[in-house]
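Me: I am new to this structure and would like a close look at a single part of it. Please begin with the whole chain and then go to the detail.

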Amino acid sequence: QIVLVLSVEKPIRDIKGKLNDIRAIEGVTVVSHETDDDVIHRGDIVAKVKFHVSRESTRAITYIHQTLVPAINSSN
């Protein structure tokens, strides 16, 4: 599990849709977030992401840097 603080440039109206985009990333199993509306409107979202690395030879930190973070950063 990793806890991410996602900084966004403008308020998100469809937070569930955005979290579903994260859930669609290969290896991600569970995504939850802080439900405080003030946080969402401020532009920071605290998300807990659980994942399962499919290959035993891949370390968790490698998955985070090579798969998870680039996929989230490239999302609109």
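What follows is a request about one residue and a connected answer. Where is Tyr63 found, is Tyr63 buried or exposed, and with which residues is Tyr63 in contact, leaving aside its neighbours within four places in sequence?

Reply: The model is predicted, and the values below are computed from it. The protein has 76 residues, of which 32% count as buried. It contains 3 helices and 3 strands, and from the N terminus on these elements run β-α-β-α-β-α. Among contacts with a separation of 6 or more, 58% are made by residues 24 or more positions apart. The accessible surface comes to about 5500 Å², and carbon and sulfur atoms hold 48% of that.

Now to the residue itself. Tyr63 is found in helix α3, which covers residues 60–73. The relative accessible area of Tyr63 is 7%, so the residue counts as buried, the cut-off being under 20%.

Tyr63 has contacts beyond its own stretch of chain. Leaving aside neighbours within four places in sequence, the partners of Tyr63 are Ile25, Glu26, Gly27, Val28, Phe51, Val53, Thr58 and Leu68. Three of these partners are taken in turn below.

The first is Phe51. The protein has 1 aromatic pair by the rule used here. Phe51 and Tyr63 form this pair: their ring centres are 4.8 Å apart and their planes meet at 25°, which is under 30 degrees, so the pair is stacked. Phe51 lies in strand β3 (residues 44–51) and Tyr63 in helix α3, 12 residues apart, and the pair thus links distant parts of the chain. Both Phe51 and Tyr63 are buried.

The second is Val53. Val53 and Tyr63 are 10 residues apart along the chain, with their C-alpha atoms separated by 7.0 Å.

The third is Gly27, in the loop between α1 (15–23) and β2 (28–33). Along the chain Gly27 and Tyr63 are 36 residues apart, while their C-alpha atoms are 8.8 Å apart in space. Gly27 has a relative accessibility of 21%, and because buried requires under 20%, this residue counts as partly exposed. Not counting residues up to four places away in sequence, Gly27 touches Lys50, Phe51, His52 and Tyr63. Gly27 is therefore in contact with both members of the stacked pair, given that contact means heavy atoms within 4.5 Å.

Tyr63 also has a place in the lining of a pocket. The second largest pocket has a volume of about 170 Å³. Its lining is made up of Glu26, Gly27, His52, Val53, Ser54, Arg55, Thr58, Thr62, Tyr63, Gln66 and Thr67. By type, 2 of these residues are nonpolar, 7 are polar and 2 are charged. Several names recur here: Glu26, Gly27, Val53 and Thr58 belong to the lining and are also contacts of Tyr63.

For orientation, two residues of another element can be added. Leu6 is found in strand β1, and with a relative accessible area of 16% Leu6 is buried. The C-alpha atoms of Leu6 and Ile72 are separated by 9.0 Å, though the two residues are 66 residues apart along the chain. Val3 is also in strand β1, which spans residues 2–7. Val3 touches Val46, Ala47 and Lys48, not counting residues up to four places away in sequence.

To return to the request, Tyr63 is a buried residue of helix α3, stacked with Phe51 and part of the lining of the second largest pocket.

Notes: Residues are numbered from 1 along each chain as its sequence is written. This is a predicted model: local features need pLDDT of at least 70, side-chain atom pairs count only at pLDDT 80 or more; totals for chains, interfaces and linings use all residues. Side-chain values use heavy atoms; hydrogens and water are left out. Helices (H or I, at least four residues) and strands (E, at least two) are DSSP runs, numbered from the N terminus. Buried means under 20% relative accessible area, exposed over 50%, partly exposed in between (1.4 Å probe, protein chains only). Accessible areas come from the Shrake-Rupley method with a 1.4 Å probe; for residues, only the protein chains shown count as cover. Rings of Phe, Tyr and Trp (its six-membered ring) pair if their centres lie within 6.5 Å; planes under 30 degrees apart count as stacked, over 60 as edge-to-face and the rest as tilted. On a 1 Å grid over the protein atoms alone, a cavity is a set of points where a 1.4 Å probe fits but cannot get out, and a pocket is an open set with protein on both sides within 12 Å along at least five of seven lines; lining residues have an atom within 4 Å of a point. Grid points are joined across faces, edges and corners, and a volume is the space filled by probe spheres set on the points. Ala, Val, Leu, Ile, Met, Phe, Trp, Tyr, Cys and Pro count as nonpolar, Asp, Glu, Lys and Arg as charged, and the others, Gly among them, as polar.
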